[in-house]
Amino acid sequence: MIISPKKKKCIIEVGEYNGQRHQTIWRMGEFSVDALPQTESDGSITLDPSTLLGRWDEWETSIPTDLRSWNVDKEPIESEDFKENYKILHYKIVDGFEVNGVRGL
């Protein structure tokens, strides 16, 4: 099954670097899952990073600019240490999601 958010800017990437948690909000994205994740009390769902098919248009992030900044072509410039040690813990979709299809059928 392919899961995507119902609204834009509703995918939250939760990651960790040097013991600090960071959140990045993405405009859109898709995840492939074998079963629907359990819906949490606030209506959100949590997804494993391995289920990510793709995410587009980073909207905002709590990652400091000295670790993640942008060049003139809007390409990310990340420190080597950050690239090697930043770990995505999970993704969260808030404000509803859609099941777009069943893969393999």
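Trainee: Among contacts in the chain between residues at least 6 apart in sequence, what percentage join residues at least 24 apart?
Mentor: This is a predicted model. The count takes in contacts in the chain between residues at least 6 apart in sequence. The share of these that join residues at least 24 apart is 69%.

Trainee: Which pattern do the helix and strands follow along the sequence?
Mentor: The chain has nine strands and one helix. Read along the sequence, the pattern is β-β-β-β-β-β-β-α-β-β.

Trainee: How many bridges join strand β4 to β8?
Mentor: Strand β8 covers residues 87–93 and pairs with strand β2, residues 11–17, in the antiparallel sense over six bridges. In that pairing, valine 14 stands opposite histidine 90. Strand β4, residues 45–47, also runs antiparallel to β8, and leucine 47 stands opposite tyrosine 91. The number of bridges between β4 and β8 is three.

Trainee: How many residues apart are glutamate 13 and arginine 55?
Mentor: The side chains of glutamate 13 and arginine 55 meet in a salt bridge, at 3.1 Å from N to O. Glutamate 13 lies in strand β2 and arginine 55 in strand β5 (residues 52–61), so the pair links distant parts of the chain. Their separation is 42 residues.

Trainee: Is glutamate 13 buried or exposed?
Mentor: Buried means under 20% relative accessible area. Its partner arginine 55 has 29% relative accessibility and therefore counts as partly exposed. Glutamate 13 has a relative accessible area of 1%, so this residue is buried.

Trainee: Where is the glutamate that meets lysine 92?
Mentor: The side chains of glutamate 40 and lysine 92 meet in a salt bridge, at 2.9 Å from N to O. The two residues are 52 apart, with lysine 92 in strand β8. Lysine 92 is buried, with a relative accessible area of 18%, while glutamate 40 is partly exposed at 31%. Glutamate 40 is in the loop between β3 and β4.

Trainee: Why are glutamate 80 and lysine 83 separated by about one helical turn?
Mentor: The side chains of glutamate 80 and lysine 83 meet in a salt bridge, at 3.3 Å from N to O. Side chains of opposite charge can pair when their charged atoms come close. Glutamate 80 and lysine 83 are separated by about one helical turn because they are three residues apart in helix α1.

Trainee: What percentage of the residues of the chain count as buried?
Mentor: The cut-off for buried is under 20% relative accessible area. Lysine 83, with 46%, is therefore not in that group but partly exposed. Of the 105 residues of the chain, the share that counts as buried is 33%.

Key
Residues are numbered from 1 along each chain as its sequence is written. This is a predicted model: local features need pLDDT of at least 70, side-chain atom pairs count only at pLDDT 80 or more; totals for chains, interfaces and linings use all residues. Side-chain values use heavy atoms; hydrogens and water are left out. Helices (H or I, at least four residues) and strands (E, at least two) are DSSP runs, numbered from the N terminus. Buried means under 20% relative accessible area, exposed over 50%, partly exposed in between (1.4 Å probe, protein chains only). Contact means heavy atoms within 4.5 Å. Two strands pair if DSSP finds at least two bridges between them. A salt bridge is a side-chain nitrogen of Lys or Arg within 4 Å of a carboxyl oxygen of Asp or Glu.
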